[in-house]
Amino acid sequence: MVSATQIKKPEGPAALLAQAEEYAVSKTRKSTRMAIGLAMMAGLFIGLAFVFYLTVTTGSNAGWGITRLLGGLAFSMGLILVVLGGAELFTSTVLSMLARANGKISTAGLLHTWARVYLGNLLGALLLVLIVMTAGLYQLDDGQWGLNALHVAQHKLHHTWIQAFALGVLCNLLVCLAIWMTFTSQNPLTKAVMVILPVAMFVSTGFEHSVANMFMVPLGMSIATFAPDSFWQAVGASPDAFSDLNLARFISANLIPVTLGNILGGAGLVGMGYWLIINPEREKKTAQIASLALPSASYSESAIMTQETLTIEKHMKPAQCALNARQYVADALEKLNQYQLSGAPVLDDDGDLVGFFSVQDVLVDLWWNDYQPDMDAKVESLMRTEVQTVDAEQSVIELAQYMSIDNKVVYPVSDTGIATHFTNQSALERAKTQTVSRPYIYPVMRDNQLVGVITRADVVRALAPLYGNAMDILPADAKEGLVTA
C-alpha cells in the first residue's frame with residue numbers, strides 16, 4: 001500500500017487571500033512603461049463610465065433613488081472594462097500593500113508602484129476630458145448634459161475635508177471588495193457580474209473615487225471655462241455660478257482627502273484586514289504544499305521487493321539543485337542549466353520548501369513584460385507556491401503511473417463503482433488518447449525536508465531495464481499464467 005500525507009490547498013477566505021497576494025505581487029512586476037500605459041487605459045475606462053452615468057441621469061424623472069441606481073449600474077461599466085481589459089487602476093492597485101506586508105517589495109517599491117499608476121490614471125482621465133470637450137458632448141440635450149456635469153463636479157468640492165476622506169474610505173472598501181470577489185472565478189462573465197452591485201452602490205450613494213474625480217471635476221472646470229455663450233443661454237445659467245470649480249480647490253478639498261480615504265479603505269480595511277485576520281502569525285510559511293495522491297495497489301511479495309529496489313530515492317537528483325527564494329532569476333536560470341532541469345524546488349533561508357520555479361514561469365513573465373525583463377527580479381516573485389511532492393520511499397512505478405495515467409479517463413467510474421462515462425474504446429485506447437496535465441518534475445521529501453528532485457526522464461531511466469526483465473514487475477498469478485501457457 002502506498003500512503004502519502006495530504007496537505008490541502010487553502011479554501012474559503014484563505015484561498016482568496018492567496019489569490020490577492022499573487023495579484024498584489026503582479027502589480028509590482030510590470031515595467032514602468034507598461035504600468036503607466038495600462039493605467040492610462042484605466043483612467044479612460046473610468047472616465048467613459050462617468051460619461052455613461054451623465055447620459056443616463058440627465059433629464060431623468062424616475063425619482064432620486066432610481067435615477068442614481070441607473071447611473072450606478074451604468075458606471076459599473078468602468079470597473080468591468082478595467083477587470084476584463086487588464087488595466088491598472090489606482091484604487092485596486094493599493095492592494096499591493098499585501099506584497100509589502102509579505103516582504104516581497106520595499107516601502108519605496110510600494111510607493112513607486114502606486115505613484116506610476118496614479119500618474120497614468122490622471123493622464124488617461126485628462127485625455128478623455130480633452131476628447132469629450134472637443135466632441136462637444138456638454139451640449140447634449142440642449143446643454144442639460146453639460147449642466148448636469150457642472151452640478152456633479154461642483155457637489156464634489158463642497159464636502160468638508162473629513163467628509164471627503166470618509167466617502168473615499170467607503171468607496172474603495174466597495175471597489176476592493178468587488179476586486180476581491182473576482183478572485184473566486186476565472187470566468188470573464190462571472191467576474192463582470194460580480195463587480196456590478198458594489199460599484200452601483202458606491203456611485204448611487206455618492207461615495208468618492210479619486211480616479212473618477214480626476215475626470216469629473218476637470219470636465220466641470222473645462223465646461224465652466226470654455227463653454228460658449230450659446231451654452232449658457234441654453235441652460236439659463238452663468239459661468240460665475242461655478243467659479244468655485246478651480247484647480248486649487250479641487251486638489252485641497254477633494255483629490256487629497258479622497259485619495260487618502262481610498263488608500264485606507266482598500267489597502268487598510270480590505271487588504272490588510274484580511275491579511276491580519278486570516279494570517280495572525282506571520283512567521284508561518286505561506287506556501288501551500290500538496291503531496292501527490294498516488295493510487296494504492298496490491299502486489300505479490302516478489303513484486304513488492306522489486307518495487308523496493310525502484311524507490312524514488314535511488315533515482316532522484318540531489319537536493320543541491322534547489323533554488324533560494326531570494327535568488328535572482330538570472331542566477332536561478334544558470335543553476336537550472338547546470339543541472340539540466342526545466343524547473344526546481346525553492347527553499348527559504350531556513351531550508352523549508354516554499355515553492356517551485358520553472359522556465360515556464362520565466363517565459364510567461366518575459367511575454368508579459370514585452371521581453372524586457374526586470375533584472376532585479378527574484379525567484380520568489382515568479383515561483384508558484386502550490387507544489388506537488390513525492391516521498392523518498394515511494395515507488396518509481398507508482399509515480400510513473402501517476403504521471404502518465406488519469407484514472408478518471410481510463411476507468412470512468414465513481415468511488416461507488418457506478419460508470420460515469422460510456423465508451424466503446426478499450427482501456428488501452430483510452431490511455432493512449434488521454435491528455436494528462438501533471439508536472440514533469442517533483443521535489444522529493446523525507447520527514448518534511450527536501451532531499452532531492454525526480455524528473456520524468458529519471459523515471460524513464462529507472463524503468464528502462466524492465467524491458468529486459470519484465471517478469472519482475474508482474475504479480476505472481478500473472479507469472480504462473482505465463483509459465484503454464
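## Cores, a small sheet and a few odd residues

The largest nonpolar core has 82 residues, and Phe75 and Leu219 have the most contacts inside it. Keep in mind throughout that this is a predicted model. If you centre your view on Leu219 and skip residues up to four places away in sequence, you'll find it touching Leu54, Val129, Val132, Met133, Trp145 and Ala149. There is also a second, separate core of 25 residues, with Ala325, Val329, Ala332 and Val346 among its members.

### The three-stranded sheet

Val346 is a handy way into the sheet, as it is the bridge partner in E4 of Leu323. Three strands make up this open sheet, ordered E3-E4-E5, and the pairing is mixed. On the edges sit E3 (residues 323-324) and E5, each of which pairs on one side only.

How do the two pairings run, parallel or antiparallel? E3 and E4 go together in the parallel sense, over two bridges. E4 (residues 343-347) and E5, on the other hand, pair in the antiparallel sense over five bridges. Within that second pairing, Gly343 stands opposite Ser358 of E5. E4 and E5 form a hairpin with five residues between them, and in the turn Gly351 has a positive phi of about 85°.

Is E5 buried or exposed, given its place on the edge? Six of the six residues of this strand (353-358) are buried, so E5 is largely enclosed by the rest of the structure. As a reminder for reading the side chains here, in a regular strand they alternate between the two faces of the sheet. Helix H14 (residues 329-338) lies across E3, E4 and E5, and it runs at about 75° to E5.

### Positive phi outside glycine

Gly351 is a glycine, but two other residues with positive phi are not. For Asp370, phi is near 55°. That residue is located in the loop between helix H15 (359-368) and helix H16 (379-382). Asn448 has a positive phi of about 65°, again without being a glycine. Its loop is the one between strand E7 (441-446) and strand E8 (449-455). Their exposure classes differ: Asp370 counts as partly exposed because its relative accessibility is 41%, while Asn448 at 65% counts as exposed.

### Two cysteines, no bond

How many disulfides does the structure hold? The count is zero. Take Cys171: the nearest cysteine sulfur belongs to Cys176 and is 9.0 Å away, and Cys171 is in no disulfide. The relation also holds from the other end, with Cys171 providing the nearest cysteine sulfur to Cys176 at 9.0 Å. A disulfide here would need the two sulfurs within 2.5 Å. Both side chains are in residues that count as buried, as the table shows.

Here are the accessibility values for the individual residues discussed in this report.

| Residue | Relative accessibility | Class |
|---|---|---|
| Thr57 | 12% | buried |
| Cys171 | 0% | buried |
| Cys176 | 0% | buried |
| Asp370 | 41% | partly exposed |
| Asn448 | 65% | exposed |

### Helix details

Thr57 belongs to helix H2 (residues 32-57). With 12% relative accessibility it falls under the 20% cut-off, so Thr57 counts as buried. What does its side chain pair with? Thr57 and Asn148 are joined by a side-chain polar contact of 3.0 Å. Asn148 also turns up in the contact list of Thr57, along with Thr67 and Gly71, once neighbours within four places in sequence are set aside.

In helix H9 (residues 188-205) you'll find Met194. Its C-alpha is 8.5 Å from that of Ile179, and 15 residues separate the two in sequence. Leaving out neighbours within four places, Met194 is in contact with Met181, Thr182, Thr184 and Ser185.

Helix H17 (residues 396-404) is mostly covered, with seven of its nine residues buried. Which ones are buried in H17? They are Val396, Ile397, Glu398, Leu399, Ala400, Tyr402 and Met403. Note that Glu398 is on that list. At the N-terminal end, Ser395 caps H17, with a side-chain oxygen 3.0 Å from the backbone nitrogen of Ile397.

Conventions
Residues are numbered from 1 along each chain as its sequence is written. This is a predicted model: local features need pLDDT of at least 70, side-chain atom pairs count only at pLDDT 80 or more; totals for chains, interfaces and linings use all residues. Side-chain values use heavy atoms; hydrogens and water are left out. Buried means under 20% relative accessible area, exposed over 50%, partly exposed in between (1.4 Å probe, protein chains only). Helices (H or I, at least four residues) and strands (E, at least two) are DSSP runs, numbered from the N terminus. Two strands pair if DSSP finds at least two bridges between them. A polar contact is a pair of N or O atoms within 3.5 Å; within protein, one must be able to donate a hydrogen and the other to accept it, and residues adjacent in sequence count only if both atoms are side-chain atoms. Contact means heavy atoms within 4.5 Å. A nonpolar core is a set of buried Ala, Val, Leu, Ile, Met, Phe, Trp, Tyr and Cys residues joined through side-chain atoms within 4.5 Å. Axes are lines fitted to C-alpha atoms, for helices over the stretch in contact, and angles run from 0 to 180 degrees between N-to-C directions.
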